[in-house]
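Colleague: I am new to this protein and would like to take it slowly. Please choose one part, the sheet with the loops and rings around it, and walk me through it in detail, explaining each term as you go.

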Amino acid sequence: MNNNFDTYPNQSTDPPYQNFDYDYNPNMNNTHNNNTVPISGDMDYAENILELNVGKEASFYMSYSDSLEWRDRVFTGTIIGAGRDYAVVKDSENRIFLLWTVYLNYVEFREDITLR
């Protein structure tokens, strides 16, 4: 029995991953067309966009993967507040929901939104 645990047959001395040493730029090769709205700087975070659109009606599509009863839900109402990881929405029945953005899939607005 061979007790040499340092090497295996046909083992390469290269690391199992490729190490790229460059700066990541999310706007690299970014092309704009008529179907996209360019967002740059601090505006690329959902919380900033939600904060700028307080008072507007929107539908929040949420997924709660660990819940059998609340697997996928849609909350529609007026945005009354937003923060780093949450949005506060008031629906047509005057119920107020605090929605954690960790469960957010996407937001659908009923009108034009403010980006700046």
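**The sheet, its loops and its rings**

Modeller: A good place to start is G83, which is found in the loop between β2 (72-82) and β3; strands here are DSSP runs of E with at least two residues, while helices are runs of H or I with at least four, and both are numbered from the N terminus. Before going further, please keep in mind that this is a predicted model, in which local features need pLDDT of at least 70 and side-chain atom pairs count only at pLDDT 80 or more, whereas totals for chains, interfaces and linings use all residues. Residues are numbered from 1 along each chain as its sequence is written, and side-chain values use heavy atoms, with hydrogens and water left out.

G83 has a relative accessibility of 7% and therefore counts as buried, a word that stands for under 20% relative accessible area, with exposed meaning over 50% and partly exposed the range in between, for a 1.4 Å probe and protein chains only. Leaving aside residues up to four places away in sequence, G83 touches E47 and E51, where contact means heavy atoms within 4.5 Å. The C-alpha atoms of G83 and A46 lie 9.3 Å apart, although 37 residues separate the two in sequence.

Turning to the sheet itself, 5 strands make up an open sheet in the order β4-β3-β2-β1-β5, with antiparallel pairing. Its edge strands are β4 and β5, each of which pairs on one side only. On average, and with direction ignored, neighbouring strands of this sheet are turned by 45° against each other; the axes behind that angle are lines fitted to C-alpha atoms, for helices over the stretch in contact, and angles run from 0 to 180 degrees between N-to-C directions. Two strands are said to pair if DSSP finds at least two bridges between them. By that rule, strand β1 (residues 57-63) pairs with β2 over 7 bridges in the antiparallel sense, with E57 standing opposite T78 in β2. On the other side, β1 and strand β5 (residues 104-109) are antiparallel and share 5 bridges, and here Y61 faces Y106 in β5.

At the β4 edge, strand β3 (residues 86-90) and strand β4 (residues 96-100) run antiparallel and are joined by 5 bridges; the bridge partner of K90 is I96 in β4. These two strands form a hairpin with 5 residues between them. One of the loop residues is D91, between β3 and β4, which counts as buried because its relative accessibility is 10%. The D91 side chain reaches the backbone nitrogen of E93 at 3.0 Å, a polar contact being a pair of N or O atoms within 3.5 Å; within protein, one atom must be able to donate a hydrogen and the other to accept it, and residues adjacent in sequence count only if both atoms are side-chain atoms. D91 also touches T76, G77 and F97, not counting residues up to four places away in sequence. N94 lies in the loop between β3 and β4 too, has a positive phi near 60° without being a glycine, and is exposed, with a relative accessible area of 55%.

Finally, the rings: those of Phe, Tyr and Trp (its six-membered ring) pair if their centres lie within 6.5 Å, and planes under 30 degrees apart count as stacked, over 60 as edge-to-face and the rest as tilted. The structure holds 6 aromatic pairs. In one of them, the ring centres of Y64 and W70 are 5.9 Å apart with the planes at 70°, so this pair is edge-to-face. F75 and F97 form a tilted pair, at 4.9 Å centre to centre and 55° between the planes. This second pair links distant parts of the chain, since F75 belongs to strand β2 and F97 to strand β4, 22 residues apart. F75 is buried, with a relative accessible area of 5%, whereas W70 counts as partly exposed at 30% relative accessibility. Ring pairs link Y64, W70, F75, F97 and Y103 into a cluster.
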